[in-house]
Amino acid sequence: MRKKVIITGISGQDGSHMADYLIKHTDHMIYGAIRRLSVNNHRNFEHLKEHPRFQLINMDLTDSHSITNAVREIEPDYFINFAAQSFVAGSWDYPIQTWETDSNSVLHMLEAIHMFAPNCRFYNAGSSEEFGDVEYSPQDEDHPLRPQSPYGAAKCAARHLVRVYRESYNLFAIQGWLFNHEGTRRGLDFVTRKISHNVAKIKLAIEAGEPIPSFSLGNLEAMRDWSDAEDMMDGVWKMLNNETPQEFILASGEMHSVREFLETSLNCAGITFKKHGKDDNEEYLTTDGQIIMKINPEFYRPAEVHELLGDSSLAEDELGWVRHHEFEDLVRKMYENDYKLLKG
Ligand code: NAP
Ligand code: GDD
């Protein structure tokens, strides 16, 4: 019989990539979970809607009945939870909703699986944000959890719940640690896509001979370990199909600053720039003096995670996980995609 996979967060970046990955690499039936929104947000999975092995189901993470009903009715072989309030900065504005979505909902999933599908393999999306105020670099699977945001704390709580259910009921339940991963399906609030989108807008204005639209950023010195989201899906699937329910780090092992992402994007666009001012007053300008980007302290966070760098050697050695994309390819891919989208 065909195996059944529930994927939550199907309208987001990772859920939609995972659905594409499983359609391509397995013959499983995919149940993509969405919540109803007033305005359709199906862009990331529109291409899958007519596929015979893809079916949409309704599930809101803040409604435990919708989670239990899906597990009871489908009795999935795999449950991959990619849904979350995933925007770290937003977790100070909506801490309760973040906790409900990123922690409580995981408890409801574990309970539903324990009750109605105890052989189901469960993956919850863990994050490098759980390491937060890091003690050493690169971070490995033994690094302590030191979250710096309501988001990071909720992911840590979920990690403990996953472990408790795994050990109490012998469930195959895991939460890998994924470091930042980006791509053409990334939401516009995240810094990489915000940069690629705005640089593309500026390039089009320059080409049209119009005044350029400037944009703002916060902390340019933050360092992140950025991978291509498409590389991560194979690692998650390998974790889920490992002999034992073991949790791994997936990361690039390279660290780059937000500043470096910005400058690489401008270089990809062929935009020559100069810099002016310091700290809160820093600006990037075109050679004819138009403002490309200026710092806006509103984008600073109440507590910052200054640097993240992952050591994924365990996943590489034990799962045979391989990354295919490098930092510069990722920046170029994101910029070129936004340029094409905006050009129409
Ligand atoms: P994303 O693009 O923001 O997608 C989040 C998904 O969650 C969306 O489909 C969203 O649906 C859904 N969602 C949010 N609240 C919901 C609710 N109450 N009920 C049902 N669905 C809800 O995030 P992503 O980048 O794909 O990340 C996937 C997962 O990995 C998240 O758990 C994130 O925290 C984690 N993670 C991501 C990264 C990364 O760098 N991307 C790194 C580590 C961990 P709507 O479209 O309806 O809002
Ligand atoms: N979003 C945003 N917007 N971030 C900015 C800006 C800005 O204008 N300016 C500077 N930054 C800095 C943030 O302060 C942060 O240090 C860094 O850019 C990355 O921010 P985000 O792109 O919002 O991602 P994140 O690292 O906070 O969180 C992402 O990665 C986590 C894994 O480490 C998300 O995908 C999380 O869901 C994920 O868990």
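So, a disulfide, for today, is a pair of cysteine sulfur atoms within 2.5 Å. Going by that, a search of the whole structure turns up zero disulfides. Keep in mind that what you're looking at is a predicted model.

While we're on cysteines, let me mention two of them. Cysteine 156 comes out at 7% relative accessibility, so it counts as buried. Cysteine 268 is buried too, with a relative accessible area of 15%.

Okay, let's go to helix α2, which is residues 64-74. Which residues of α2 are buried? They're Ser66, Ile67, Ala70, Val71 and Ile74. These cover an arc of only 125° around the axis, so they sit on the same side of α2. On the face turned away from that buried side, you'll find the exposed residues His65 and Glu73.

And what covers the buried residues of α2? The cover includes four strands, namely β1 (4-8), β2 (29-34), β3 (54-58) and β4 (78-81), and it also includes the helix α4 (95-116).

Now have a look at the two ends of α2. At the start, there's a side-chain oxygen of aspartate 63 that gets to within 2.9 Å of the backbone nitrogen of histidine 65. So that's the same His65 that shows up as exposed on the outward face. At the other end, α2 is followed by glutamate 75, and its phi is positive, near 45°. Glutamate 75 belongs to the loop between α2 and β4, and it isn't a glycine. Is it buried or exposed? Somewhere in between: with a relative accessible area of 49%, glutamate 75 is partly exposed.

Let me stay with β2 for a second, since it's part of that cover. Alanine 33 lies in strand β2, and at 6% relative accessibility it counts as buried. If you leave out residues up to four places away in sequence, alanine 33 touches Ile7, Thr8, Gly9, Ile10, Ile57 and Met59. You can also put a distance on alanine 33 and isoleucine 67: they're 34 residues apart along the chain, and their C-alpha atoms are separated by 9.7 Å. Isoleucine 67, remember, is one of the buried residues of α2.

Next, the helix pair. The axes of α4 and helix α5, residues 150-169, come within 8 Å and cross at roughly 10°. Since angles under 35 degrees count as roughly parallel, that makes α4 roughly parallel to α5. On the α4 side, the contact includes Pro95, Trp99, Val106, Leu107, Leu110 and His114. On the α5 side, it includes Pro150, Tyr151, Ala154, Leu161, Tyr165 and Tyr169.

Sticking with α5, there's an arginine I'd like to show you. Arginine 159 is in helix α5, and at 6% relative accessibility it counts as buried. What does its side chain meet? A polar atom of the arginine 159 side chain lies 2.8 Å from the backbone oxygen of glutamine 175. Again skipping residues up to four places away in sequence, arginine 159 touches Gly126, Glu130, Leu145, Gln175, Gly176, Trp177 and Glu247.

Past α5 comes another backbone oddity. Most residues other than glycine have a negative phi, and most peptide bonds are trans. Asparagine 170, though, has a phi near 60°, a positive value in a residue other than glycine. It's placed in the loop between α5 and β7 (172-174), and with a relative accessible area of 70% it's exposed.

And the peptide bonds? The one from serine 137 to proline 138 is cis, with omega near -10°. Where is proline 138? In the loop between β6 (126-127) and α5.

Phenylalanine 131 lies in that loop between β6 and α5 as well. At 0% relative accessibility, phenylalanine 131 counts as buried. So what's around it? Not counting residues up to four places away in sequence, phenylalanine 131 touches Gln139, Asp140, His143, Pro144, Leu145, Arg146, Trp177, Phe179 and Ile249. Among those, Leu145 and Trp177 also turn up in the contacts of arginine 159. For a sense of distance, take phenylalanine 131 and lysine 24: they're 107 residues apart along the chain, and their C-alpha atoms are separated by 33 Å.

That's my tour. Happy to go back to any of it on the screen.

Conventions: Residues numbered from 1 in each chain as written. Chains lettered and ligands numbered in written order. Predicted model: local features only at pLDDT ≥ 70, side-chain atom pairs only at ≥ 80, totals over all residues. Heavy atoms only, no water. Buried < 20%, exposed > 50% of the residue type's maximum accessible area, 1.4 Å probe, protein only. Arc of directions from axis to C-beta. Contact = heavy atoms within 4.5 Å. Polar contact = N/O pair within 3.5 Å; in protein donor to acceptor, adjacent residues only side chain to side chain. Axes fitted to C-alpha atoms, helices over the stretch in contact; angles between N-to-C directions. Parallel < 35°, antiparallel > 145°, perpendicular 65-115°, else oblique.
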